[in-house]
Amino acid sequence: MASLGAARTAPREVAPARRTSTGQGADTAVVQRTVGADPYFPANGDARYRVHRYELAVDYRPGPNRLSGTARLNAIAGRAPLAEFLLNLADFKVGRVRVDGRAPHYTHRGGRLRIRPAKPIRAGAAFTVEVHWSGNPKPVRSPWGGLGWEELEDGALVASQPVGAPSWYPCNDRPADKASYQLSITTPSAYSVVAGGRLLTRTTKASTTTWVYEQSAPTSSYLVGLSIGTYQTVLLGDPGLGGVPQAGHIPAHLLTSFSRDFARQPAMMELFEEVFGPYPFGEYAVVVTEEELDVPVEAQGLSLFGANHVDGARGSERLIAHELAHQWFGNSVSIADWRHIWLNEGFAKYAEWLWSERSGGRSAQALAALAHRKLAGLPQDLQLADPGRKLMFDDRLYERGGLVLHAVRCALGDESFFRMLRAWAALHRGGAVTTESFTRHVARYASDSLDDLFTAWLHETALPPLPSASGAVIPARPPYPPTNI
């Protein structure tokens, strides 16, 4: 997770980090039918309908920082007729709006595009929305600084978690409202465009190039990542038959350091496919910008790193593991609303520990003990299952979330624990989940009740005792030197 912002620094895993220089399980279906307004961000999203596809055509000129776009949304009304509905869109000029080809009445103020169709949309009916907009994109304001579109010294970067997506396109900005995307981005030909998904075409006309990407997997609006800059593209490893293509897009002068720092990402992919199940998307890309970022930024099928994360000494290797793990937990298996953010960050934190354990670094037990000692010296006022908006990106949420997973591992034993993880990722692939659906899922793999464990770790603020395990089944291969010292 990360946020953008010039000359801002933040604690290591505090809110979104900024610039400083396809099937679903039964539980998921229930969540998506019943979830309402997000309690942390009630002005974002509209639960009365859902979008199943976005087609965005955007023209961006870096010099004047000028963006114009057309969006076509294919949506389905909920259980009640829609006399009106909302989209989130920041401070742009709206040129035209159509609903099923007809002009509706609409208002646009306060980041909300309120649309009233010429006639109400029937309950359960499919409908299309077209929006034309233009202006100078900028981050949207939030308690953590600006979020979303950030103009860089030479290009642009999008990092939207949690509510920055409306900074550059109209959307139903709820994490549980997941859709497929086609992105068509036109820029001056000197720039490369990198987005999550498969590159369909790249067409140059005169001085501009249009890049068209397809992300067919269900995607939350905040996870639509984009980077515009001058990059050199390299392949990471040989995916082989049936493997996951992995590419890096980096400034040319960082190539040597990048090649060392990211050399073990294919081994991370191998481990995570082993313990979490198959990689949930068609490809994975990483981008390194010329700018510095407080922390990396995850997006669907894409992670964004700052130049400060490339040092040629593998100094940020745990962050590489963290962002890769988000592709399973946070991106494929998403949260129903932001109260459940620990299901994203706690799982990614524990993936760091699993990678350390596999790669010859400290064991998950040792790292859990370190996290526990750290938390013991900090205030005991965070309820993990509902931390509140103020604490949803607190560093303690990451560490305590990782400890929950370790406590479950110790309670279940390795064989049942990893079987549970793989089933969780498979059952809810492409869907949205809650803390309750996770605890119900874990209970199916436990011989004894885990109610007390979950009450203590998730719903009470006091730090429970450190969980302990007798050993690990993950094989210590290959014999990499320690990297988490």
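Colleague: Which residues of β6 lie on the covered face, and which on the uncovered one?

Modeller: General idea first. In a regular strand, side chains alternate between the two faces of the sheet. Now the case here, in a predicted model. Leu113 and Ile115 make up the covered face of β6. Arg112, Arg114 and Arg116 make up the uncovered face.

Colleague: In which order do the strands of that sheet stand?

Modeller: Strands of a sheet pair through backbone hydrogen bonds, either parallel or antiparallel. This sheet is open, with three strands in the order β3-β6-β5. The pairing is antiparallel. β3 (85–88) and β5 (105–109) are the edge strands. Each has a single partner strand, so one side of each lacks a neighbour in the sheet. On average, neighbouring strands are turned by 20° against each other, direction ignored.

Colleague: How many bridges join β5 to β6?

Modeller: Five, between β5 and β6 (residues 112–116), and the two run antiparallel. Take two pairs as register marks. Histidine 108 faces leucine 113 across the pairing. Threonine 107 has arginine 114 as its bridge partner.

Colleague: What links β5 and β6 along the chain?

Modeller: A hairpin, with two residues between the strands. Glycine 110 sits in the turn, with a positive phi of about 65°.

Colleague: And on the β3 side, how many bridges are there?

Modeller: Four bridges pair β3 with β6, again in the antiparallel sense. Asparagine 88 stands opposite arginine 112 there. Arg112 belongs to the uncovered face of β6.

Colleague: Next sheet. Which strands are at the edges of the one that holds β9?

Modeller: Start with the order. Four strands form an open, antiparallel sheet: β8-β9-β14-β11. The edges are β8 (148–152) and β11 (192–195), each pairing on one side only. Neighbouring strands here are turned by 15° on average, direction ignored. Inside the order, three bridges join β9 to β14 (residues 226–229), running antiparallel. Leucine 157 is placed opposite serine 227 in β14.

Colleague: What follows β9? Where does serine 167 lie?

Modeller: Serine 167 is in the loop between β9 (155–159) and β10 (179–188).

Colleague: Is serine 167 buried or exposed?

Modeller: Read the relative accessible area; under 20% is buried. Serine 167 has 0%, so the residue counts as buried. Its side chain reaches the backbone oxygen of glycine 164 at 2.7 Å. Then look past neighbours within four places in sequence. Serine 167 contacts Ala90, Phe92, Pro137, Lys138, Pro139, Val140, Leu147, Gly148 and Trp149.

Colleague: Now a strand residue. Which residues does alanine 77 contact, leaving aside neighbours within four places?

Modeller: Place the residue before listing contacts. Alanine 77 is in β2 (residues 66–77). At 6% relative accessibility, alanine 77 is buried. The contacts are Arg48, Tyr49, Leu82, Ile121, Arg122, Ala123, Gly124, Ala125 and Phe127. Take Arg48 as an example of sequence against space. Alanine 77 and arginine 48 are 29 residues apart in sequence, but their C-alpha atoms are 6.6 Å apart.

Colleague: On to helices. What span does α3 have, and what span is expected?

Modeller: Compare the end-to-end C-alpha distance with the expected rise of 1.5 Å a residue. α3 (residues 265–276) has 12 residues and reaches 16 Å, close to the 16 Å expected.

Colleague: Which residues of α3 are buried, and what do they pack against?

Modeller: The buried set is Gln265, Ala267, Met268, Met269, Leu271, Phe272, Val275 and Phe276. They pack against strands β16 (246–250) and β17 (284–288). They also pack against helices α4 (317–325), α5 (342–359) and α8 (414–427).

Colleague: What comes after α3?

Modeller: Glycine 277 follows, with a positive phi near 105°. Proline 280 lies in the loop between α3 and β17. With 5% relative accessibility, proline 280 counts as buried. Beyond neighbours within four places, proline 280 contacts Gln327, Trp328, Ser332 and Arg429. Glycine 430 is 150 residues from proline 280 in sequence, yet 8.3 Å from it, C-alpha to C-alpha.

Colleague: Last, the whole chain. How many helices and strands does it have?

Modeller: The chain has 10 helices and 21 strands. Of its 485 residues, 60% count as buried. About 18400 Å² is exposed, and carbon and sulfur atoms supply 51% of that area.

Technical notes:
Residues numbered from 1 in each chain as written. Predicted model: local features only at pLDDT ≥ 70, side-chain atom pairs only at ≥ 80, totals over all residues. Heavy atoms only, no water. Pairing = 2+ DSSP bridges. Axes fitted to C-alpha atoms, helices over the stretch in contact; angles between N-to-C directions. Buried < 20%, exposed > 50% of the residue type's maximum accessible area, 1.4 Å probe, protein only. Polar contact = N/O pair within 3.5 Å; in protein donor to acceptor, adjacent residues only side chain to side chain. Contact = heavy atoms within 4.5 Å. Areas by Shrake-Rupley, 256 points an atom, 1.4 Å probe, with all protein chains shown as cover. Expected span 1.5 Å × (residues − 1).
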